[in-house]
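User: I would like to understand how the descriptive terms used for a protein model are justified. Could you take me through some of them?

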Amino acid sequence: MKLKKQVTVCGGAIFCVAVFSLYLMLDRVQHDPARRQNGGGNFPRSQISVLQNRIEQLEQLLEENHQIISHIKDSVLELTDTGAVSPSGQLPFRSANGSWVLPFDGRPTFLSVKPQDCQFAQGHRGQTDLQMLDIYSLLKFDNVDGGVWKQGFEITYEPGEWDSEPLQVFVVPHSHNDPGWVKTFDKYYTDQTQHILNNMLVKLTEDPRRKFIWSEISYFAKWWESSDTHKQEAMRKLILGGQLEMVTGGWVMTDEANSHYFAMIDQLIEGHQWLEKNLGVTPRSGWAVDPFGHSATMPYLLKRANLTSMLIQRVHYSIKKHFSSSRSLEFMWRQAWDTSSNTDIFCHMMPFYSYDVPHTCGPDPKICCQFDFKRLPGGRVNCPWKVPPRAIVDANVAERAHLLLDQYRKKSKLFRSKVVLVPLGDDFRYDKALEWDQQFLNYQKLFDYMNSHPEMHVQAQFGTLTDYFSAVYKASGVPQGFRPPGYPVLSGDFFAYADREDHYWSGYYTSRPFYKTLDRVLESHLRGAEILFSLAVAHARHAGMEGRYPTSDYTLLTDARRTVALFQHHDAIAGTAKENVVIDYGNRLLHSLQGLKRVIINAAHFLVMKNKDVYRFYQTEPFLETDDRRATQDSLPQRTLIELDQSGPRYLVLFNPVEQDRLCVVTVLVNSARVRLLTEDGQTLPVQLSAQWSTATQMSAEVFQVCASFMVRLPALGLAVFHLYDSADSPMTLRSDTLLRLSDRGLTVHNVEPLPLRSQAADPLPFYVSTQSLTLGFSGTTGLLESIRRKDSPQEVKVQMQFVTYGTRSSKDKSGAYLFLPDGKAKPYSQKGPPVVRVVEGPLFSEVVAFYQHFQQTVRIHNVPGADGLSLDVTIMVDIREQSNKELAMRLVTDIQSDDTFYTDLNGFQMQPRRHFLKLPLQANFYPMPSQAYIQDSQYRLTLHSAQALGVTSLESGQLEVILDRRLMQDDNRGLGQGLKDNKKTANRFRFLLERRSIGNKVVDSGPISFPSLLSHMTSAILNHEVLALPVLPKKRGIPPLHTFAPLKAAVPCDFHLLNLRSIQHQQDTNSPSSYTALILHRKALDCGLETINPGFNCTTTEGQLTVSSLFRNLDLQLLQPVSLSLMYSSPPLGNDSSVSLEPMEISAFRLRLR
């Protein structure tokens, strides 16, 4: 009888919702301004077009309505199918088949992806001349001895080749300044960099023919800020006069393997904004001589920042040789997904081993070294080839000039133009006045001789990088940045890098994973703080309360931007700096993280106040607490304990940094098992209580602490308010069921009342945990994951987790911070006894924790509808401090028939197909994985999402393998002078997502492109941008009324990612924000060939259209101006009501004024 009543009530609800939805639909078609056409003359004139538009809108609304109804129907059927009738009439409860039934969410969701938004992933791409995956297939990688150019070949030329068109030589002096490596940033600055810049000022002024290039703005800004106005003016004059060029102009020369595109863009903005404000210069050319391999993301970002040309250096020696032999070292670098040539940027690849002087004048380092005049006899540096340089005098200038010209000519034979680039510098060069004289005076004598002898057919001079590129364009007869006739187009990337033999630089993809993780936590906090600060300041302006809001927090944002930017340096996030330098970076990261938590707390305080008139800010008396705390830079975070008592509620503010509504499980730490959780409007939510553990088998008993987990729906980019009570048992508060599977009978099990704990002897049979979406199988012996079954599929898919270890070679060359040189295939991880396995089950989440000597595996699944419940939340806590020369890897073994193909991301921005090549050594088949990797066949795709950059590979069909940490006892001879012995206890966090290809979509990606699904994009977002739980501190005078802050008026299309909402610096007062904000958007490309499941929020796509004026609630948009990616170049403002349009994969920036 009770069941019939429930079905009747639900049936009635469906009817009511249907009627109400249709009413709303008609109302929206009539009145919704966001669905009208853009302003600006695009409105269709004919009535037929108007009618057609209305019909299309109606069709879409009907589709949305249909999805809402079917969602309700499914929920009702689920209730009836499972025999889900609660004996007490209360929810949640456990049904007859063991699954938990939760209160109905009440807000059904729909998914409406337009077919047009799926076409990009399926579209045809024009073939580029050079596709890097094809080149890998083609090359032998055989390392034949090339003579004086060891890794190349003999270069010959005819003496008369330059008779009609003389060779133009640009010698470009440079000094590569690492912002931290063997010394800290500050120590390098004090010891060397400040002297380089001071000497530059004097020495460039002495002769207007002298040129120099500078790259790292972090150092330049530090010098500028400590210099007087006289020095600043002199430096500005050199730059504006073209003697000194700022190349790339980023805060650092970023690593390209491990950096996330959010941070790569942010460090570029930080450098460019500094240059614009202080010097008024705009960089034209990119210079990247030291990153250990090059990503295809970098040319895209430089192009979007309006740079016209770029240079790269560290590329596999076999690829350099191949490109040299076909004169393809200069090319247009195009994105693999580009359907036209919009992303093309001109790129120069340096041909030889290094960027130092012996490897830049030509193919013979023995000769080139003789023209590095810092190495003149009597100095501290000499030439390893045993022939020292000689000072240029009248007696030897002819012989020396001809010897050098021979090298220049040979080098020029590798390129298509008769213009040759010769960098002149090395790490921290030109720090003494003597070297400036040695290099510039001797070279000027050589140039004067060459240029005064027309029979040599050469024009040689000092130049900047842009001088060189301009000459190439001019010689080819094309404007700056355009493709010279006959030059090839390339797509793909340049990983993995090898500088000689089988020395692959694939170790640094994982080195020091603790800091790679901390970097991403800081990035997520920076993005969250930027967004909340910008919104809080705009709302304060709107309310006329500008003076009362702490805009001085802007200095904390600037500090954090610069810390994140500094850490993108290619020896910082790479994990390749000395131990004391790593500590310096760590302290900076922690200091900035604490500052950002303050910015977030202060913004949240203002935004959740119901009555802004009672808002008061006290610097010494924060309104909210942080979600967690870190004792030191190298310790793991500890959750903040929320102390409940009988006197009244504690308030909790939850911040959702994702641009979509979010249905998820949130866990906080409380001091009472009698927890009751209410929403702002008084609705009680289900809570699952689980223990804090001090050891594998003992619950924490020092101070009573319990984890309270609850399912919440949070507004996009919003702050939701909840009330926590210590009250008598609520039927909505349930305790987890915990089982310890023990093999050792001697272990003591300690539980804390009232949390139940059972133990049993482990047996070899598999065991299972389930939610409404997933069933996971685990090995009874190892406690590790064995299989995944999705609720909608009868098939159990093998996904077996294994742990393996690599050693290093016994020969002289061993693995170190940079290099991965394993001693053969991996060996299975083994330990003496079997692990303790803890199984926790409950209504909101279930988890399995397996405890091993050097790691513990936690696999958790959430029992919620939508994205949060469709993937496995996996944490591997790693501690290999007892190991010696070992690397620990996690391997996933499946039945997916992926053959030799797998996919890894580049910088969290795009996917790059990879192939496992048997002709290459094992270490050459590892690639960077900043955020995800997947394997697939015609039925399934398994994606490994990562919250930190690590090295990944697929060595067999159906496998994915990721290196979790590496402990190496020796240096690998690349200049660091240390091994990796400062390992920390590190939490590596992942999400595993198993997706099924939909019927009729059996085509597996072929060729150079592949894209994640919509669900995969969401999964990445929820892993990388965790909800922040901020408790309101108790106040003696009571807490003023609070309310939920939902900043968005309209939903952001679900293929858009709001990359940043960044307050722009005030022109005069650098410590406060201007009235402008930069909105940076990325439209993601989707693979729609995988089954789409209810995402847990209303998801629609709009063919790339977004109306910015209808985006923010209670704010007026007073300016909408498209700008370049680093905000330096502005286009004319758009009408405030205009909608902006982005192509798939496009990143665009806009200057807004909101108030």
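**Reasoning from value to term**

Analyst: In this predicted model, helix α8 passes helix α15 in a left-handed crossing. The helices comprise residues 261-278 for α8 and 513-542 for α15, and they pack at an angle of about 65° with axes 10 Å apart.

User: What makes the crossing of α8 and α15 left-handed?

Analyst: A crossing is left-handed if the near helix is turned anticlockwise from the far one by less than a right angle. The angle here is about 65°, and the crossing of α8 with α15 is left-handed.

User: Which residues of α8 and α15 meet?

Analyst: F262, A263 and D266 of α8 meet E523, L526 and R527 of α15. This contact divides into three nonpolar, no polar and three charged residues.

User: Why is N885 called buried?

Analyst: Buried means under 20% relative accessible area. N885 has 16%, therefore it is buried. N885 is in the loop between β36 and β37, and its phi is positive, about 50°, although it is not a glycine.

User: Why is M1145 called buried?

Analyst: The cut-off is again under 20%. The relative accessible area of M1145 is 3%, so M1145 is buried. M1145 is found in the loop between β52 and β53, and its phi is near 80°, a positive value in a residue other than glycine.

User: What is the omega of the peptide bond from F495 to A496?

Analyst: Omega is near -5° for this bond, which is cis. A496 is in the loop between β14 and α15.

Technical notes:
Residues are numbered from 1 along each chain as its sequence is written. This is a predicted model: local features need pLDDT of at least 70, side-chain atom pairs count only at pLDDT 80 or more; totals for chains, interfaces and linings use all residues. Side-chain values use heavy atoms; hydrogens and water are left out. Axes are lines fitted to C-alpha atoms, for helices over the stretch in contact, and angles run from 0 to 180 degrees between N-to-C directions. Helices (H or I, at least four residues) and strands (E, at least two) are DSSP runs, numbered from the N terminus. Contact means heavy atoms within 4.5 Å. Ala, Val, Leu, Ile, Met, Phe, Trp, Tyr, Cys and Pro count as nonpolar, Asp, Glu, Lys and Arg as charged, and the others, Gly among them, as polar. Buried means under 20% relative accessible area, exposed over 50%, partly exposed in between (1.4 Å probe, protein chains only).
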